[in-house]
Amino acid sequence: MTDLLKIGVLVSGNGSNLQAIIDRIEAGALPAQIVCIISNKADVFALERAKRHGIPTQVLDHRAHAGREAYDTALVELLRSRGVGLVVLAGFMRIVTPILLGAFPHAVMNIHPALLPAFPGLHAQQQALQYGVKVSGCTVHFVDEGTDTGPIIIQAVVPVLDDDTEETLSARIQKEEHRIYPEAVSLFAAGRLAVDGRRVVIAPTA
């Protein structure tokens, strides 16, 4: 029997994408195991989600470290101690450094609520509405040293309606986030993702 992929999830907030991944694992549709959930904040709901499912948690306060590099060094030590093979960012509000990326090459994944490379950074839904686009969506990508610039794994498209607010558009996008993020993790777990320059090639099923 093949060993299950061990996932470490980094969180800073509510953790709805974390929940989507947990649900897919518990349904038997995602061959992976979340071995640790790490937050840089102690009072976030994502940690409560983890406790409800019996998943080990750790609070690693960024304020207790000298800087981003020192923090990521502590993160890498913790993730490696749990045997993590994939690092999943689920609302983690920290800029990661080459220390983390070098420790897990092409194995740090994030989701962004826009069709990258359009509207990177914060308030992507607001940016989309202000620009007047007709479609928006979300993007799962490997993390690199830029801001939402890593190789794209999966995208999903949603319409932008004339009467949309930031809240209604965000809700429509989030439904797609909960669908495609576990799917991207599943492709990684199956060994079907390969990075070729800027392109992520998805191998066909056997």
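## Starting at Arg68

Let's begin with Arg68, which is found in helix H3, a stretch covering residues 68–81. Keep in mind that this is a predicted model. Is Arg68 buried, exposed or partly exposed? With a relative accessibility of 42%, Arg68 counts as partly exposed.

Leaving aside residues up to four places away in sequence, Arg68 touches Arg94, Ile95 and Thr97. Arg94 has another partner to look at: its charged end sits over the ring of Tyr71, 5.0 Å from the ring's centre. For a sense of scale, take Arg68 and Arg172: they are 104 residues apart in sequence, and their C-alpha atoms are 33 Å apart in space.

## Helix H1 and its cover

Now over to helix H1, residues 16–26. Which residues of H1 are buried? They include Ser16, Asn17 and Leu18, and the list carries on with Gln19, Ala20, Ile21 and Ile22.

Plenty of elements help to cover these buried residues. Among them are the strands S1 (5–11), S2 (32–39), S4 (86–90) and S5 (108–112), along with the helices H2 (45–52) and H6. After H1 comes Gly28, which has a positive phi, near 80 degrees.

## Two helices crossing

H6 turns up again next to helix H5, which spans residues 124–131. The two pack at an angle of about 115 degrees, and their axes are 9 Å apart. H5 passes H6 in a right-handed crossing. Which residues make the contact? From H5 it's Gln125, Gln126, Ala128 and Leu129, and from H6 it's Glu166, Leu169, Ser170 and Ile173.

## A pair of rings

Time for some aromatics. The model has 2 aromatic pairs. In one of them, the rings of Phe142 and Phe188 have centres 6.4 Å apart and planes at 65 degrees, so the pair is edge-to-face; an angle over 60 degrees is what earns that label.

What does this pair tie together? Phe142 lies in strand S6 (residues 135–142) and Phe188 in helix H6 (residues 166–189), so the pair links parts that are 46 residues apart in sequence. Phe142 is also buried: its relative accessible area is 2%, and anything under 20% counts as buried.

## The hairpin of S8 and S9

Last stop: strands S8 (residues 193–196) and S9 (residues 199–202), which run antiparallel and are joined by 4 bridges. Which residue of S9 is the bridge partner of Leu193? That's Ile202.

The hairpin has 2 residues between its strands, and Gly197 takes a positive phi there, near 65 degrees.

Notes. Residues numbered from 1 in each chain as written. Predicted model: local features only at pLDDT ≥ 70, side-chain atom pairs only at ≥ 80, totals over all residues. Heavy atoms only, no water. Pairing = 2+ DSSP bridges. Phe/Tyr/Trp six-rings, centres within 6.5 Å; stacked < 30°, edge-to-face > 60°. Buried < 20%, exposed > 50% of the residue type's maximum accessible area, 1.4 Å probe, protein only. Lys NZ or Arg CZ within 6 Å of the ring centre and 35° of its normal. Contact = heavy atoms within 4.5 Å. Axes fitted to C-alpha atoms, helices over the stretch in contact; angles between N-to-C directions. Left-handed = near helix turned anticlockwise from the far one by under 90°.
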